[in-house]
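Hi,

Here is the structure I promised to pass on to you. Have a look at it first, and then read on for what turned up.

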Amino acid sequence: MGRKSSMAMAAVFVVLASTLTTYASTTYTVGDSTGWQVPTSNSNLYDDWADNKTFVVGDDLLFNFITGEHDVAEVTEPGYDACTNTDTISTDNKGPVKITLKRTGDHYFICTYAGHCPAGQKLKVQVRSEAGDTTPGVLSPPRNAASSLVVTISLVFVSIATFVLLC
């Protein structure tokens, strides 16, 4: 009888472990294959790019650009609207630049090179907290392939441990 209850407990443990998900940050390449440059045909390129994405705290923005041709500055909303770097939070001028989104709310990025921001080289992203994106008590699916891999590896280790305990 002890062996049956151990097996039942192990089965429950394996099922619970298989439902666990972990969240890995996502790295978004700003502008995808276009990268971070002055838009040539669509001045709303970066707004359009950000529209279909959900950014959460911990995600990374990768700005691909050639050093000496562009930079990326995080600015305040007034700086973004006016395309000025007077209210700069940070500036990076050696491409590529990876910026981790560390807080919720709106984040504003511009290129400070003359004429670049007014031509559309600017990005606004709205960042949410991970907790705010899920319904309480409901597990969300993994956000990307990396988190699926973590779940799979965890399940393999749990299965091996269960097998060892039962033998």
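Strand E8 gives the most to the lining of the largest pocket, with four residues. Please keep in mind as you read that this is a predicted model. The space in that pocket comes to about 190 Å³. Besides E8, helix H2 (45-51) is the other element that gives two or more residues to the lining.

For your selection, the lining residues are Asp47, Ala50, Asp51, Lys53, Thr54, Phe55, Lys124, Val125, Gln126 and Arg128. Sorted by class, five of the lining residues are charged, three are nonpolar and two are polar.

Now to the sheet that E8 belongs to. Five strands make up an open sheet with mixed pairing, and their order is E2-E8-E7-E4-E5. At the edges are strand E2 (55-56) and strand E5 (88-92), each of which pairs on one side only. As a general reminder, strands of a sheet pair through backbone hydrogen bonds, either parallel or antiparallel.

Going through some of the pairs:

- E2 and E8 (residues 122-128) run parallel and are joined by two bridges. Here Phe55 has Val127 of E8 as its bridge partner. Phe55 also appears among the residues that line the largest pocket.
- E8 pairs with strand E7 (residues 105-110) in the antiparallel sense, over six bridges. Within this pair, Leu123 in E8 is the residue opposite Phe109.
- Strand E4 (residues 72-75) pairs with E5, again in the antiparallel sense, over four bridges. Val72 has its bridge partner in E5, namely Asp92.

One more residue that I would like to point out is Asp59. Where does Asp59 sit? It is found in the loop between E2 and strand E3 (60-63). Is Asp59 buried or exposed? Its relative accessible area is 1%, and the cut-off for buried is under 20%, so Asp59 counts as buried. What does the side chain of Asp59 reach? At 2.9 Å it reaches the backbone nitrogen of Thr26, and this pair falls within the 3.5 Å limit for a polar contact.

If you open the model with the pocket in view, E8 makes a good starting point: it contributes four residues to the lining, and in the sheet order it stands between E2 and E7. From there you can step along to the edge strand E5, and then turn to the loop that holds Asp59.

Happy to hear your thoughts once you have had a look.

Best wishes

Technical notes: Residues numbered from 1 in each chain as written. Predicted model: local features only at pLDDT ≥ 70, side-chain atom pairs only at ≥ 80, totals over all residues. Heavy atoms only, no water. Pairing = 2+ DSSP bridges. 1 Å grid on protein atoms, 1.4 Å probe; cavity = no way out; pocket = protein on both sides within 12 Å on 5 of 7 lines; lining within 4 Å. Points joined across faces, edges and corners; volume = space filled by probe spheres on them. Nonpolar A, V, L, I, M, F, W, Y, C, P; charged D, E, K, R; others polar. Buried < 20%, exposed > 50% of the residue type's maximum accessible area, 1.4 Å probe, protein only. Polar contact = N/O pair within 3.5 Å; in protein donor to acceptor, adjacent residues only side chain to side chain.
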